[in-house]
Amino acid sequence: MSIEVNGKTLETDEEGYLANINEWEEGVATVMAKEDELELTDEHWEIINFLREYYEEYQVAPAVRVLTKAVGKKMGKDKGNSKYLYALFPYGPGKQACRYAGLPKPTGCV
Amino acid sequence: MAKIDFEIPKLEDYPVVPAVKEGTMKHSQPYKAIDKFQEPLGYPGKLVDNWKERALDKMGELLGKYRSLQVYLDSCVKCGACTDKCHYFLGTSDPKNMPVGRQDLLRKVYRRHFTFAGKYFPKLVGAEDLTKDVLDDWYSYYHQCSQCRRCSVFCPYGIDTAEISMAAREILDSVGEGQKYCNEIIAKVYKIGNNLGLPGPALVDTLEGLEEDVEEETNIQVKYPVDQKGADILLITPSADFFAEPHVDGLIGYGKVFHQAGLSWTLSSYASEAANFGMFIGSYENMRQVSLRIRKAALDLGVKRIIFGECGHAWRVAYSFLNTLAGPFDFLDKRYPVPQHICELTHGLIESGVLRFDKSANDDMVLTYHDSCNVARASRMGRKPGGQFTIPRDIIRASCNNFYDMPYETIHDSTFCCGGGGGLLTDDLMEVRIKGAMPRAQALKQVVDDYGVTHMAAICAICKSQFTKVLPYFGFTMDQIVSVHQLVSNAIVMDIKEV
């Protein structure tokens, strides 16, 4: 499988996750969101950017609580919870937002 | 919720056994593991050319190794007692999801190639050749079994479909037809130490965050230590406890219990996983490799006890197989069970009066309890028979004022699987997961309607993740599933102690 971003063909796995994280650019998130009929707002980008920064440092997606806490600190306590994240990413922040951010899919009993 | 293109089973007022609809789930197949997930486990990277020969050789090997497998394949009398007991049959109507139908997929090949009657009079005894169609059926339907063993409770001969399903997956793996979800995860355990692929520094960062949160909430410094040499207790817990909700609320609870009881404990970054998917794929060797990590961590850290967190199949492996796989554990303190379940620890501390609770902290909830299949039917807890049923319920009753059980035919050893166990907790099997959750959702609805139950507690990471995902399809919300130690965490009375 693959997606078309700014004239380039980028390889994805069978679940739509980018095969090579280094090929990520902002267009990846925009194209994937469009396929899900989702309009990316600044709030979405805050999450996507945080995921990428965290991954850069730790080589794994952040735990849900790490993510909600970071969001709470940055955007106000009322937004530091999974409800807010699911409102932004209805398929789940871990899975949908990670995919947009170019991260591999979180695996395991999650 | 993800988009779906199939019909979600309706929750009726009472359980209905559906009329059979052949082939409704034939299309359901999980993604196959590619070479980079297969090879670290010792399996070929893709379907081998001489797959038929290899599959039959493997079947012969397993029949020789596991006497039980041959007994199960020989002893079915087609009495029909199992036919309406599988949650996947009840949710899908596909007769190959009847336990006997599922067993027969392997049994017919066994008869053809390994029994006298099947070799010479195949049509008389339902024996069939192993063809590519049969192999495809195996891949499809042995990945629609959560190895929950409910059927075996009702089988007069005690035939354990889980064991047949495990053998089938081992055969599939050996010819190169592995399942991506399980095998990718096992390879990650070998490389990083847990199913998630959570490296040590991320684990430390996550736990430090929890310490901050707990201190903010309670004004008490509860520690969540990692790799602390000389600690008394090594906690082995599913990595989902670090990552997901409501799992993490349970982990917070374990820490509070250890703190309040004054016990010294640690996690290990090397063995940062309780789950052992080696069991799901029926691979003794992979199950042993994963288990040996726990032994090594216990020795390296010099602990005296091993305690397991809330993980269903991990407790089966721990309780039933750990000593064989990774023993002897003669270096541990013999005064305690080897290994011990976190619920056994908490329960003991409640009985001896060490822990006290303010039950009103959970008054915003009316609870029920979901017995996880591997705990209920493949293990025990405590000293008395049935402890695996009473101990978690006693903990809930000690920490909550409002508790009601679901209908008796859906709990204890008759419990219905969550629908996501046995290596099926993956998005590519969402249809079978949702349909298979129907019987549990129906029982839940009954206590919601009758007693105003608002939340269901569980002690298994898979159950918690599965319900978070599938409950919304049945009119519930994702946060109606909670961890047992989350209830403990909410209600435990904490004293300030020197740390």
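Which residue takes a positive phi in the hairpin of β1(A) and β2(A)? I looked there first and found A:N6, with a phi near 45°, in a hairpin that has two residues between the strands.

**Ground rules.** I am working on a predicted model, where local features need pLDDT of at least 70, side-chain atom pairs count only at pLDDT 80 or more, and totals for chains, interfaces and linings use all residues. Residues are numbered from 1 along each chain as its sequence is written, while chains are lettered from A and ligands numbered from 1 in the order in which they are written.

**Hairpin, chain A.** I checked the pairing next. Strand β1 (residues 2-5) and strand β2 (residues 8-11) of chain A run antiparallel over four bridges. A:S2 lies opposite A:E11 of β2(A). Strands here are DSSP runs of E, at least two residues, and helices are runs of H or I, at least four residues, numbered from the N terminus. Two strands pair if DSSP finds at least two bridges between them.

**Contact of chains A and B.** I counted 18 residues from chain A and 30 residues from chain B. Contact means that C-beta atoms, placed from the backbone, lie within 7 Å. On the side of chain A, helix α3 (residues 64-75) gives the most, with four residues. That side divides into 10 nonpolar, four polar and four charged residues. Nonpolar covers Ala, Val, Leu, Ile, Met, Phe, Trp, Tyr, Cys and Pro; charged covers Asp, Glu, Lys and Arg; the others, Gly among them, are polar.

**A:P106 and B:F243.** I found A:P106 in the segment after α5 (93-100) of chain A. Is A:P106 buried or exposed? A:P106 counts as buried because it has 23 C-beta neighbours inside 10 Å. The cut-offs are 20 or more other C-beta atoms within 10 Å for buried, 12 or fewer for exposed, and partly exposed in between. Leaving out residues up to four places away in sequence, A:P106 touches residues of both chains, including A:A61, A:C98, B:L196 and B:F243. From the other side, B:F243 is in contact with A:A63, A:V64, A:P106, A:V110, B:L196 and B:L198, its neighbours within four places left aside.

**Core.** B:F243 came up again in the largest nonpolar core, which has 175 residues. It is listed with A:L51, B:F308 and B:A457 as having the most contacts inside that core. Helix α15 (residues 312-326) of chain B gives the most to the core, with eight residues. A nonpolar core is a set of buried Ala, Val, Leu, Ile, Met, Phe, Trp, Tyr and Cys residues joined through C-beta atoms within 7 Å.

**Domains of chain B.** I noted domain 1 (35-185) and domain 2 (193-404 + 453-491), with bounds from an automatic or database domain assignment. Their centres, taken over C-alpha atoms, are 32 Å apart. The contact takes 14 residues from domain 1 and 11 residues from domain 2. On the side of domain 1, α9(B) gives the most, with five residues.

**Sheet, chain B.** I traced four strands in an open, parallel sheet, in the order β2-β1-β3-β4. β2 (265-266) and β4 (340-341) stand at the edges with a single partner strand each, so one side of each has no neighbour in the sheet. Two bridges join β1 (residues 233-236) to β2(B), and B:L234 stands opposite B:T266. Helix α14 (residues 284-301) packs on the sheet, touching β1, β2 and β3 (305-308) of chain B, and its direction makes about 150° with that of β1(B). The axes are lines fitted to C-alpha atoms, for helices over the stretch in contact, with angles from 0 to 180 degrees between N-to-C directions.

Notes. Two residues are in contact if their C-beta atoms, placed from the backbone, lie within 7 Å.
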